[in-house]
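Student: I would like to learn how to read a strand and a helix pair. Can you take me through one structure?

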Amino acid sequence: MPKIQITARGIRAALKSYTPFQSIVEYVWNGFDAQASKIEINFTANELGGIDSITIKDDGYGIPHGKLQEKFETVFESKKALQSKLKKNLSALHGKNGIGRLTFFTFARNAYWKTVYADTGENRTYDIYANAENINLYTGINAIPKRTDLPTGTEVFFGGVHSLTKYDLENSFQDFLLQEFSWFLALNSKRGFSITVGGIPLDYKKFVADSEEFELNHEKTDIPFSVTYVRWKEKLPKEPSRYYYLDSLGQEKWKESSAIKNKGDKFFHSVFIQSPYFDSFAFQSAEDDGQNALMGGTRSDSQFRFMRKKVANYLRIKRKPFLDEFADKLVLEYEKADIISRKEDAGHKDISQIIRMLYKMQPRLFASLNTEQKKMLVGLLELAAGSDKGSDVPLIINSIIELSNEEKNELAEIFQAS
Ligand SMILES: Nc1ncnc2c1ncn2[C@@H]1O[C@H](COP(=O)(O)OP(=O)(O)O)[C@@H](O)[C@H]1O
Ligand SMILES: [Mg+2]
């Protein structure tokens, strides 16, 4: 029997922090990593509410028999990790440690994979067995794959299930899956990706607090962008707030952090931007890959910069309500440090109101100022508010960030010429 190059104890020690739910999630990711679009999780429960077996089925490309050894033998050296340094900019591959398939021991005594793969014009199938006692061993290398008419994909069966109850799987499991996969299902919603549990599709919209779709059109080049904004109810534990760029087929081409640096506010968001413009686009900067930049669009294109500016501004406005708490804190801090005076004197515009408002429009303006700089900023703002040129302030700010009409009015009210 082939042996993985690490002892069973070593494997368990490395994976001891995995919970049963986290382990299940590894098998779901393995399916998506293998280009599956449908994952079906099923389980059988006994009369006492315990779980007898769990299966996770995917419609991916399967595990070609000729590659089994290479794929299953090496631990901590997953090909997926080595394949591409770009992984952080693509969601297509989740696995990286080459250990996910071994985590079943946290909830089951044995696992077997029934896999179907395409082999020169026909599909073939065989099984792989592993058990938790000797987790560094597996069978399958000596199997003789049989012809089959079944479509490609892999189904993993888990037997001797422990540490999980029917109650767990019918209740907290759904929330766990939503935290893990909501963004991925949203990202691939146009391609019809799904995860079902006991036949019931996981609905990522349950995890959505706010969402909006809109079109942007860059007039000069007539390039359209379809933007979907999603704000999540809770933090996605493993996926930061990002921009995702999709091509005309709805396939992810690139992802990167959203322009907003989260300061601990609860503005958890994802933005999906789809355009035929991304069918051929050099996302990496030209220095990384000189050749790519020769074909398709680049970040310096006016249409790209137009889109980014619009989206960034849209996010800026969406985020404002989440900054209230921080704006209050900032003002309190300025008062404590005597940068602004605590007492409002009747003759002047309320400087703390100005600071609160400006902070919510552009929090970066107030980032990393030392006390002297803070005093200077406040002094200048007071001067502007009291000056007969006050009405120029909204114009100046508008030349830096694109203000909404509401924001312009808000500023005009405070800075109107006295
Ligand atoms: N459901 C699956 N479909 C296709 N290949 C799979 C599947 N599960 C596992 N594999 C193969 O086994 C390898 C090891 O899986 P795993 O231990 O989860 O490590 P990783 O996902 O980090 O590579 C994967 O890289 C993949 O090649
Ligand atoms: Mg994996």
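Tutor: We take one strand, then one helix pair. This is a predicted model: local features need pLDDT of at least 70, side-chain atom pairs count only at pLDDT 80 or more, and totals for chains, interfaces and linings use all residues. Residues are numbered from 1 along each chain as written, chains are lettered from A and ligands numbered from 1 in written order, and side-chain values use heavy atoms, without hydrogens and water.

Student: Is strand β13 buried or exposed?

Tutor: Buried means under 20% relative accessible area, exposed over 50%, partly exposed in between (1.4 Å probe, protein chains only). Strands are DSSP runs of E, at least two residues; helices are runs of H or I, at least four; both are numbered from the N terminus. In β13, residues 269–274, 6 of 6 residues are buried.

Student: Which residues lie on each side of β13?

Tutor: In a regular strand, side chains alternate between the two faces of the sheet. His-269, Val-271 and Ile-273 take one side of β13, and Ser-270, Phe-272 and Gln-274 the other.

Student: In which sense does β10 pair with β13?

Tutor: Two strands pair if DSSP finds at least two bridges between them. β10 (residues 223–232) is antiparallel to β13, over 6 bridges. β11 (residues 242–246) pairs with β13 in the parallel sense, over 5 bridges.

Student: At what angle do α9 and α12 pack?

Tutor: Axes are lines fitted to C-alpha atoms, for helices over the stretch in contact; angles run from 0 to 180 degrees between N-to-C directions. α9 (residues 351–361) and α12 (residues 405–415) pack at about 155 degrees, with axes 11 Å apart. That makes them roughly antiparallel, a term for angles over 145 degrees.

Technical notes: Angles under 35 degrees count as roughly parallel, over 145 as roughly antiparallel, 65 to 115 as roughly perpendicular and the rest as oblique.
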